[in-house]
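Reader: I would like to go through a structure feature by feature. Please give the general idea each time, then the case at hand.

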Amino acid sequence: MGSEALVQGFLVAVQPSNLLFLFLGVLVGTLVGVLPGLGPATSVSLLIPLTYDMDPATALIMMAGVYYGAMYGGSTTAILVNTPGEAGSVVTTLDGYQMARQGRAGAALAISAIASFIAGTLGTVLLSVLAVPLAGLSVQFGPAESFALMLFALVTTSSLSGDSPLKGLMAMVAGLMIATVGVDLQTGTPRFTFGSNNLLEGIDFIVVVVGLFAVGEVLANYQDLPRSAGERIRLQGRLWITREDWRRSWRPILRGSLVGFFVGVLPGAGASVAAIIDYGLGKRFGRERDRLGTGAIEGVAGPEAANNGAAVGSMVPMLSLGIPGSNTTAVMLGALMMYGLRPGPFLFEQNPKLVWGLINSMYVGNVMLLLLNLPLVGIFARLLNIPPRILLPLILGISFAGVYATHQSVLDLWLVVLFGVIGLGMRKAGVPTAPLVLAVVLGGTLEQSFRQSLQISMGSPLIFVTEPLALALMLLTGISAVLPPLLAWGKRNRPRARGRQVAVSPDR
Amino acid sequence: MESVHRGIGYLGLGISLIYLAATARLPAAPLGDSLGPKPFPALLGLALLVLSAALVAGTFGKGRPGLRRRPGAGAPGLRALLQDPGRRSVLAAVGWLVVYAAAFPWAGYAVSTALACFGLMRLVHRGAWLPDLAVAAGFSLFMYGLFRFAFAGSLPAGWLALLRL
């Protein structure tokens, strides 16, 4: 596999049908990113039922387009309304909105598009380089190693999400419980179906994603609706940057691209974490540190590069190891499994056209997004004129259509409402939803790996610590579970420690 | 926040006990399968039990401010909750979702969606109702048409079947 696979991939990417669906994907993604309330994970999950008759490569190209397209679109709302259109743009509001208030919205939007393009393209190059060796590594993975890797991904996501690792872990276990509903694949035994035939196939991850993310978000918005809406800045002036703007921005763009990509590779650390880390690095080490927060163009360039880098980076573990790096790649992984495709080295060997077609389509997609976003951002900005009271019910209408189209099951609609209420409750209680969603997607495979491992070891759990790779992953899992609460405890106790030192030291 | 954590913990304890009880009723491992369908769910139930207990235990401790209830303070009653306009909107929105799901199979996608969208729009808008109705009906028919004719999908026609649509 080498240049031939790359060429095959490009030929797939530039097929007219794939170009059309790529364009639709990036367009929908940009719209989704601009409009608060409907994130890329929900949008991709709603598209899945429409892709059943499609070639899997085409479907994945479109879904990926939605994902990184949303990263482009999210900055528009962040800059013009001081509200992130999607989670990865939350940091962009800090300087982007200030720039807009200073009459520099055009420059902010332009640098956002340029930074996203550079990061997306650079990230795709890195994806091309890293994906194959990483997939090759997973050849050595047996059931025990697969179990340990998935557990590491789940525990890391749970520990990093939200303000309490305990609540994150509880959400993770709840998601794994949801994944056990249905017929047990190995024995054919119905589990937790309570006599319902509709639950024999289990609870579809699309139902959980749409319920938690779309319906839950809409319900949360209804609480704030009577007193919501910040001031919206009108887009005026030139949509371009000066030479000085570029001189200040290229370093943050490069830093953000690399930081975002490698953070995106980590399970659970999505675009928003990448943008926050990049902003923190800029605040600590960047030349722009004194200007950040006052309308500095670097404060838009770096985080926007980071969130796009993370979007591409999260595809590395998804394609190579079957471990999603973000919520949206978790949904895409679910789609891959639905198409009967198993991520990892076999995907690269048996479906090279699909994988390289997907990767190479990202080069084309980023060009499309740059061309869409620079001249047309004014049109996208007009979407912000749609009052939330109209937009929110329409999102629910789209959600119900998408969910019902999956299995034509009315039970799914009731489950969506239930998960919507649960999602609202989780938001209010500070319980992160990402671990639950990830657990629902990975739960079935996790259990199969667990049972296969114990069958190989004749029931001995020591297999998870005697295999070297599995042991290393289990140790990492333990560290990721224990480290965040330890660090938090250390931070709480540090001021008291300083106080004691001051009291003891005779020189003060 | 401690009361919220305690509530989550108790809820987790309840769910884990119900889950473990349901797990206990699963059949044992069949011939040829040394594990069967029980062990993994049992581990999950125990894990949630332990985590929930840890969360509840973490809310009890010496000198934690906010744990001692102020005199006269108690959980907010239903009346107090409903006085908040935001919470009223949320409850009403959930109500409309229930109506939506209930009407969906027999009224069909277009009619139930138009009804639900109109109701949800009117929750926070006291102005002219005709534009809201037009948007709700137009959107519903557009989506139904998109799924029915463009995607060859299957959304229930319901009352539209009377019009042979």
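Author: The turns below deal with chain B and with its aromatic pairs. This is a predicted model, in which local features need pLDDT of at least 70, side-chain atom pairs count only at pLDDT 80 or more, and totals for chains, interfaces and linings use all residues. Residues are numbered from 1 along each chain as its sequence is written, chains are lettered from A and ligands numbered from 1 in the order in which they are written, and side-chain values use heavy atoms, with hydrogens and water left out.

Reader: What does the secondary structure of chain B come to?

Author: Helices (H or I, at least four residues) and strands (E, at least two) are DSSP runs, numbered from the N terminus. Chain B has six helices and zero strands, in the order α-α-α-α-α-α.

Reader: Is Ala116(B) buried or exposed?

Author: Buried means under 20% relative accessible area, exposed over 50%, and partly exposed in between (1.4 Å probe, protein chains only). Ala116(B), in helix 5 (residues 109–123) of chain B, has a relative accessible area of 3% and is therefore buried. For chain B, 36% of the 165 residues are buried.

Reader: Which residues does Ala116(B) touch?

Author: A contact means heavy atoms within 4.5 Å. Leaving aside residues up to four places away in sequence, Ala116(B) touches Trp96(B) and Tyr100(B).

Reader: How many aromatic pairs are found over all chains, and how is the pair Phe192(A) and Tyr19(B) classed?

Author: Rings of Phe, Tyr and Trp (its six-membered ring) pair if their centres lie within 6.5 Å; planes under 30 degrees apart count as stacked, over 60 as edge-to-face and the rest as tilted. The whole structure has 14 such pairs. The rings of Phe192(A) and Tyr19(B) have centres 4.5 Å apart and planes at 20 degrees, so this pair is stacked. The pair crosses between chains, from the loop between strand 2 (190–191) and helix 9 (205–224) of chain A to helix 1 (residues 2–24) of chain B. Both Phe192(A) and Tyr19(B) are buried.

Reader: Why is the pair Phe400(A) and Phe104(B) tilted?

Author: The ring centres of Phe400(A) and Phe104(B) are 6.3 Å apart and the planes are at 55 degrees, so the pair is tilted. Phe400(A) is in helix 17 (residues 388–407) of chain A and Phe104(B) in helix 4 (residues 85–107) of chain B, so the pair joins two chains. Phe400(A) is buried at a relative accessible area of 0%, and Phe104(B) counts as buried at 0%. Ring pairs link Phe400(A), Tyr404(A), Tyr100(B), Phe104(B) and Tyr109(B) into a cluster.
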